[in-house]
Amino acid sequence: MGNREEKADLLQMLPEELADLVVGLGQPAYRARQVFSWLHRGASFEEMTDLPRDLRARLVEIARAGSLEMACEETAPDGAAKLAFRTEDGRVVESVLIPHGRRTTVCVSSQIGCAFACRFCATGEQGLVRNLAAGEIVEQVVRVQARWRPNRVSNVVFMGMGEPLANYEAVVRAVRLLNRPGGLHVGARRIAISTCGLPEQMRRLAEEGLQVALAVSLHAATDELRDELVPINKRHPISEVIAAARHFSRRTGRKIAFQYVVAPGLNDTQEQARRLVAIARGLPYMVNLIPRNPTVGSESPDADAAARFARLLRKLGAEVSVRRSRGAEVLGACGQLRTRLAGQKSAGRAEARPAKRVQQRDDVAATCPRRRRSRRQGPRRRAL
Ligand code: SAH
């Protein structure tokens, strides 16, 4: 048997690619549809019981059905759950399951770590470790779905670890795989890609013929402030990002969601509200306010500030929603995903954290450490 890493992960193959593979193995093409559907239900080759035994055996020999190992899971009192998976190279990928009413959203990671170092975000503190493969992205949803049966995952948001548009090919392939009938079949309109604002890739995404939603993490409406909060703004200032958002919206007919983490006293001023409405004029958009979640060692969310800023924006005519903070108790809320395994510490901002926070552990359970009650139940930690 070959080395696991050398085998193709069939989870990242589209049905037509699987058809080439099974035909190459002397099997009829329709077998590919069966394989695809099993794979996306999280089955191993051995479990694909309606396939001929010899085909199953060949597949085991030459390919893999996914590659992630469940490392641990933590459920918050609000029902949101953070799942950590171990990759083949010993890294950790985190995903979050968010049940809300009849819908269920899975927040997936697109990279291990992130190169963009946005000011509030815990993932950025570790720098970029590597891109995830499309199979590793899809498998997060497959595994969460398997755990969530008989309920269905209805929405997928690329708001976990990483910058999805910096891992463009894998992310677009993952969207196509997630969207396929016969697989998880998540509607493209129910898939949201969130970006810190990479104009070239936003324009490229507009041409993919996908109905995905685009969220742009704006966080500030003047370049002076955004340069500080989202460092990539120095290379791609607000005007460029908004122009690309306009292009996306024109090409796809979709509204743009501006993500805006509210940092009290910093980006929630009347001036920022006024500028935001001015720069977005003529664009179908909405503003998604996110109370800032505490990253390790930082302050708790300030729900009042978000509500106040929402009122300011609405008065100026903007459509605004204030996101309820979910999963904060398990450090699974926006901006809190960060892995803490051996070998994942990268140079850069890690040193800025207090020594005990950067301590690396080499056992997987360390990704779900027990947190002390005091940190979990601080009075300002209440969800909105
Ligand atoms: N890189 C992408 C997607 C990952 S972050 C992006 O920048 O959009 C998903 C969202 O969580 C972004 O809007 C991000 O700005 C937000 N976020 C980061 N840190 C946060 C924090 N501490 N509290 C609340 N939201 C945060």
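In which sense, left-handed or right-handed, does α4 pass α5? In the predicted model examined here, α4 passes α5 in a right-handed crossing. The following paragraphs place this helix pair in the context of the chain as a whole, of its sheet and of a second helix pair.

The protein chain comprises 12 helices and 14 strands. Of its 384 residues, 47% are buried. Among the contacts in the protein chain with a separation of 6 or more, 68% are accounted for by residues 24 or more positions apart.

Ten of the strands are assembled into an open sheet of mixed pairing, in which the order is β3-β4-β5-β6-β9-β10-β11-β12-β13-β14. The edges of this sheet are occupied by β3 and β14 (320-322), each of which has a single partner strand, so that one side of each is left without a neighbour in the sheet. From one strand to the next, the twist averages 20°. In general, the strands of a sheet pair through backbone hydrogen bonds, in either a parallel or an antiparallel manner.

At the β3 end of this order, strand β3 (residues 69-75) and strand β4 (residues 81-86) run antiparallel and are joined by six bridges, with Cys72 having Ala84 of β4 as its bridge partner. The hairpin formed by β3 and β4 has five residues between the strands, and Gly79 in this hairpin adopts a positive phi near 95°. The pairing continues from β4 to β5, again in the antiparallel sense and over six bridges, and here Leu83 has Ser95 of β5 as its bridge partner. The hairpin of β4 and β5 likewise has five residues between the strands, with Gly90 taking a positive phi near 80°.

Strand β5 (residues 92-100) is mostly covered, seven of its nine residues being buried. Besides its pairing with β4, β5 is joined by five bridges to strand β6 (residues 103-107), and these two strands run antiparallel. The bridge partner of His100 in β6 is Arg103, and the hairpin that β5 and β6 form has two residues between them, with Gly101 in the turn showing a positive phi of about 60°.

A parallel pairing is found between strand β9 (residues 155-158) and strand β10 (residues 191-195), which are linked over three bridges; within this pair, Val156 stands opposite Ile191 of β10. The loop between β9 and α5 contains Pro164, a residue that counts as buried because it has 30 C-beta neighbours inside 10 Å, where the cut-off for burial is 20 or more. When residues up to four places away in sequence are not counted, Pro164 touches Ser110, Phe158, Val171, Ile193, Ser194 and Thr195. The C-alpha atom of Pro164 is separated by 9.1 Å from that of Asn131, a residue 33 positions away along the chain.

Two helix pairs were characterised in terms of their packing. Two packed helices are generally described by the angle between their axes and the distance between the axes. For helix α4 (residues 134-148) and helix α5 (residues 168-179), the axes come within 8 Å and cross at roughly 40°; α4 and α5 are therefore oblique to each other, since an angle of 35 degrees or more that is not over 145 and does not fall in the range 65 to 115 is assigned to that class. The contact is made by Ala134, Ile137, Val138 and Val141 of α4 together with Ala170, Val171, Arg173, Ala174, Leu177 and Leu178 of α5. By class, the residues of this contact of α4 with α5 divide into nine nonpolar, no polar and one charged.

The other pair consists of helix α1 (residues 15-24) and helix α2 (residues 30-39), which pack at an angle of about 125° with their axes 8 Å apart. On this basis α1 and α2 are therefore oblique to each other, and α1 passes α2 in a right-handed crossing. In the contact, Pro15, Leu18, Ala19 and Val22 of α1 meet Arg31, Ala32, Arg33, Val35 and Phe36 of α2, and the residues involved comprise seven nonpolar, no polar and two charged.

Technical notes
Residues numbered from 1 in each chain as written. Predicted model: local features only at pLDDT ≥ 70, side-chain atom pairs only at ≥ 80, totals over all residues. Pairing = 2+ DSSP bridges. Helix = DSSP H or I, 4+ residues; strand = E, 2+ residues; numbered from the N terminus. Axes fitted to C-alpha atoms, helices over the stretch in contact; angles between N-to-C directions. Left-handed = near helix turned anticlockwise from the far one by under 90°. Contact = placed C-beta atoms within 7 Å. Nonpolar A, V, L, I, M, F, W, Y, C, P; charged D, E, K, R; others polar. Buried ≥ 20, exposed ≤ 12 C-beta atoms within 10 Å, placed from the backbone.
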